[in-house]
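Subject: Predicted model with ligand, pockets and cavity

Dear colleague,

I am handing over the structure below, and I would be grateful if you could look at it alongside the notes that come after it.

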Amino acid sequence: MTIARAPLFAQLVANTNNGFYGQDIISVRQFDRDKLAYIFGLAEEMRHMVQQIGSADLLRGRVLANLFYEPSTRTSSSFMAAMQRLGGAVIPINEVRYSSVTKGESLPDTVRTLECYADVIVLRHPEVGSAQIAADYASKPVINAGDGTGEHPTQALLDLFTIQEELGRIEGLTVAMVGDLKYGRTVHSLTRLLGLFGARLRFVSPEALRMPGELIEEVRARGMEYTEHDDVAEIIGEADVLYVTRVQRERFEDQDLYERVKNCYVITPELLQSAKERMIVMHPLPRVGEISYDVDKDARAAYFRQMENGMYIRMALLAAVLGRA
Ligand code: ASP
């Protein structure tokens, strides 16, 4: 049985002039407001399509290589679901341990191998700059799914999309980022993207996990208003977005330090009593204790909606990069 396509979706045809076709997605620095609006509009259409008909054949015959050198649940599975819902296929290399990487194969050789079989490569790797290295060697598009403590551009896109969807705007909001701002790549990418909108920033972390100087310099250069804190209570009342992060255990050289800071913040229903009625709590997940499970019932807890948005954003990116939107 043939199912009629959603009318809007029918317009998503070959388009190699969309500014994304054949491009690598390495950093949020590649985005301006027009590009964001394009991807967000497309993500909306993807949501409608999935809700109405579940899948489409926009990327039929295309292949994605999903190459993960670090653990992942959401990013990896949402890229796979995104490709499959658009009719494409996936080579899943979620465990490089079972690939020739274990035999000592280099990243450049691995990506040059995969691009013989795939049309696009999604890469997660523990080293900052690895996605750029992969892109330098590959002639097919490479999408950065997290390079160490560097960036996580697709996460930042879905984070910003979530803020827009939940609060209806981005400009003029007060966004508080809480937790491991030093090693958390998602807050690095999100801070950069927010720079395009002039949000007010509140950085809350223990002294040892402050936002890196490079990011603070960028925030200053953009003229954004920001303050640094070590107590969430100081900012909870003014936050429109409370973006909570996990303390990134795997990045610590000093495990004693990790033990000292690992439980630095826990968001509880009691704390949220002092928050605005219309605000949202976000988290890139996984959480390991920094948001209590009781908060999940609060309508302001947006982290599960946030992760669903990830699939729509990744569908939009794949379609755009492969010239089908
Ligand atoms: N999933 C996110 C990341 O890959 C956040 C985290 O791991 O804490 O960066």
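The notes below go through the ligand site, a loop beside it, the second pocket and the cavity.

Please keep in mind that this is a predicted model, in which local features need pLDDT of at least 70 and side-chain atom pairs count only at pLDDT 80 or more, while totals for chains, interfaces and linings use all residues. Residues are numbered from 1 along each chain as its sequence is written, and side-chain values use heavy atoms, with hydrogens and water left out.

The ligand occupies the largest pocket, where a molecule counts as sitting in a pocket if more than half of its atoms lie within 2 Å of the pocket's grid points. Pockets and cavities were both sought on a 1 Å grid over the protein atoms alone: a pocket is an open set of points with protein on both sides within 12 Å along at least five of seven lines, a cavity is a set where a 1.4 Å probe fits but cannot get out, and lining residues have an atom within 4 Å of a point. The largest pocket holds about 420 Å³ of space, a volume being the space filled by probe spheres set on the points, which are joined across faces, edges and corners. Its lining comprises 21 residues, with Arg124, Arg185, Arg246, Leu285 and Pro286 nearest the centre, and by class it has 4 nonpolar, 10 polar and 7 charged residues (Ala, Val, Leu, Ile, Met, Phe, Trp, Tyr, Cys and Pro count as nonpolar, Asp, Glu, Lys and Arg as charged, and the others, Gly among them, as polar).

Around the ligand itself stand Arg124, His152, Arg185, Thr186, Arg246, Gln248, Pro284, Leu285 and Pro286, each with a heavy atom within 4 Å of the ligand. Among the polar contacts (pairs of N or O atoms within 3.5 Å), side-chain atoms of Arg185 and Gln248 each lie 2.8 Å from an oxygen atom of the ligand, and for Arg124 the distance is 3.1 Å. Taken alone the ligand exposes 260 Å², of which the protein buries 91%, with areas from the Shrake-Rupley method and a 1.4 Å probe.

Two residues of this shell deserve a check of their backbone. The peptide bond from Leu285 to Pro286 is cis, with omega near 10 degrees, and Leu285, although not a glycine, has a positive phi near 65 degrees. Leu285 is placed in the loop between strand 9 and helix 11, as is Pro286, the strand covering 280-282 and the helix 303-321 (DSSP runs numbered from the N terminus, with at least four residues of H or I for a helix and at least two of E for a strand).

The second largest pocket has about 250 Å³ of space. Of its 18 lining residues, Val128, Asp147, Gly150, Glu151 and Arg192 are closest to the centre, and the lining divides into 5 nonpolar, 7 polar and 6 charged residues.

Finally, the structure holds 1 cavity of 30 Å³ or more, and the largest cavity has a volume of about 40 Å³. Its lining consists of Val178, Gly179, Val244, Thr245, Val247, Lys262, Cys264, Tyr265 and Glu290.

With best regards

Note on methods:
A polar contact is a pair of N or O atoms within 3.5 Å; within protein, one must be able to donate a hydrogen and the other to accept it, and residues adjacent in sequence count only if both atoms are side-chain atoms.
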